[in-house]
Amino acid sequence: MDGPFAGEKAGTPCEKAAGAADGPAFASTGPKGHRQRMRQRVLKRGADSLADYEILEMLLFPGVPRRDTKPQAKALINHFGSLAAVLEAPAESLKKQGVGPLSTRLLTLMPAVADSMAKPEEQVRVVLGSWDALLQYCDVHYARLPAGQMRVLFLDSRNQLLADEQVPDEAETSASRPAASKAQTAKAMEEALRSAVAFLLQRALAVNASAVITIRLTPVTLEPDRQMAADTPFVQMLLKEAPLFSVDVHDHLVLKKGEWRSFRLVGQEW
Amino acid sequence: MTPKGKGFADMGQALHGMKPVELPFLTRLMGYEPDGDIPDAPSLDDKEILARLIAAVASRSINPDDLAAALLQRFGSLAATIRASLPDMEEATGGNSLLQVYFLLAHEAGIRLQRARLMRNNVLADKDQLYAYLRAMLAQELVEQVRVLFLDAHRCLLADEMQGRGTVDHTPVYPREVVRRALELKAVGLILVHNHPSGDPSPSQEDIAMTHRIAQAASLMGITVLDHVIVGGSRLVSLKEEGLF
């Protein structure tokens, strides 16, 4: 039988989806396989599950090509007293304990990383908290983009911009398709809208946005009001679905060379 | 035109067209570097730190300076780069999983260093170190979490544990669980900590009310809530200092 259960060895689709390896469970039992497994573990479960000596063991990998670095990691922690003490040790002391130049470079870099992580410096983000800021942002960033596309701005709860992306074309592709029957067209439209809304909300979750603003760059052939009317089904569906994901829809804007319309100001649905 | 889905600036563009650089690989191959060449780390800026980290772990086909510049352009800081989500990191490093592993390791080493420094002293005696630790731990987190620092009678740190993880702007926390854990650890002092992923550390009414509920529950058991610190980006607000509880 040719089906999902045909070859036991290949693993079930569920096992594959869960990331079961294609090859044997232990491709190599030597130090190289060990390193690979440690790296996989960090990628899968993060580094906070590692013991202090394992962190050090891994920091020694790049400078020690083949040998097992666990004994050295444990010896260093014993000598200096703790992982922190090893990382803060002067290069000279590390060298005396037999730590190679590349490893020394990497280990002595860690206090600088720690200091940088702790420094009180504001990360500069664009704040789009007002109409002026928003319209100015659009002026600067959208002037040279091809007309017709829809953009989405993902914002956090302070209206700081997290990401600015294109919404994949939804309605117009299906609308311009020659209609087989009225019912079929309506169904295809609905499907296209759903997938565009789903895509947008999926991205909102990925960037941890708490609000979105959608923006249509109107093609020259279309009046802004017509464009707004054309976008309305999309916006209405977005307005219906977004609250379930705790995403606010601030507005939908239609822009055309200095002219703009706001769904919120036109405002039936708000 | 910028790549699909990336309208903002030219994130990641600089990753393309990178030139190989010979020197780090050769020196590594020969296992030799002049003694005086080992740098004094503390004076380095983000770009230098990142470039050195990349040079130490990545293959020779990557130019450390170019990649460091591209990553900082995209993520804004070293702290944000090494704490970026795996999909973002994967995209920004061109799928270099070795680099991702060492970013995660550097991030964890940084937190453990700050925690070790915090544990050397009375936690309340060195506010700067407390805040340095909390920034390292929480400034880059994109999802809200509540942590509790459990202290003994000498105000030394017994443990720092996450007590709740919420969504982008809200986290549930239960006084009963906080007090239960404090009793288990024989802690007599608590510092509550949580982050505002928005970057604005101003406390909400709910933040203040939650502090009061936990303080009330704890005081019955002879445990004192010493402070509640909110981390918003790299800014911090102490509810104690603000006189809010």
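**Note on the predicted model: chain B and the nonpolar cores**

1. From the N terminus on, chain B runs α-α-α-α-α-α-α-β-β-α-β-α-β-β, that is, nine helices and five strands, where helices (H or I, at least four residues) and strands (E, at least two) are DSSP runs numbered from the N terminus. The model is a predicted one, in which local features need pLDDT of at least 70 and side-chain atom pairs count only at pLDDT 80 or more, while totals for chains, interfaces and linings use all residues. Residues are numbered from 1 along each chain as its sequence is written, and chains are lettered from A in the order in which they are written.

2. Of the 245 residues in chain B, 42% are buried, meaning that 20 or more other C-beta atoms, placed from the backbone, lie within 10 Å of the residue's own.

3. The largest nonpolar core (buried Ala, Val, Leu, Ile, Met, Phe, Trp, Tyr and Cys residues joined through C-beta atoms within 7 Å) has 93 residues, and those with the most contacts inside it are Leu56(A), Val113(A), Ile54(B), Leu105(B) and Leu190(B). Helix α6 of chain B (residues 97–119) gives the most to this core, with eleven residues. A second, separate core of 32 residues includes Leu153(A), Ala196(A), Ala204(A) and Ala209(A).

4. Leu56(A) touches Ala73(A), Leu76(A), Ile77(A), Leu83(A) and Val86(A), not counting residues up to four places away in sequence; contact here means C-beta atoms, placed from the backbone, within 7 Å.

Methods: A residue is buried if 20 or more other C-beta atoms lie within 10 Å of its own, exposed if 12 or fewer, and partly exposed in between; C-beta atoms are placed from the backbone. Two residues are in contact if their C-beta atoms, placed from the backbone, lie within 7 Å.
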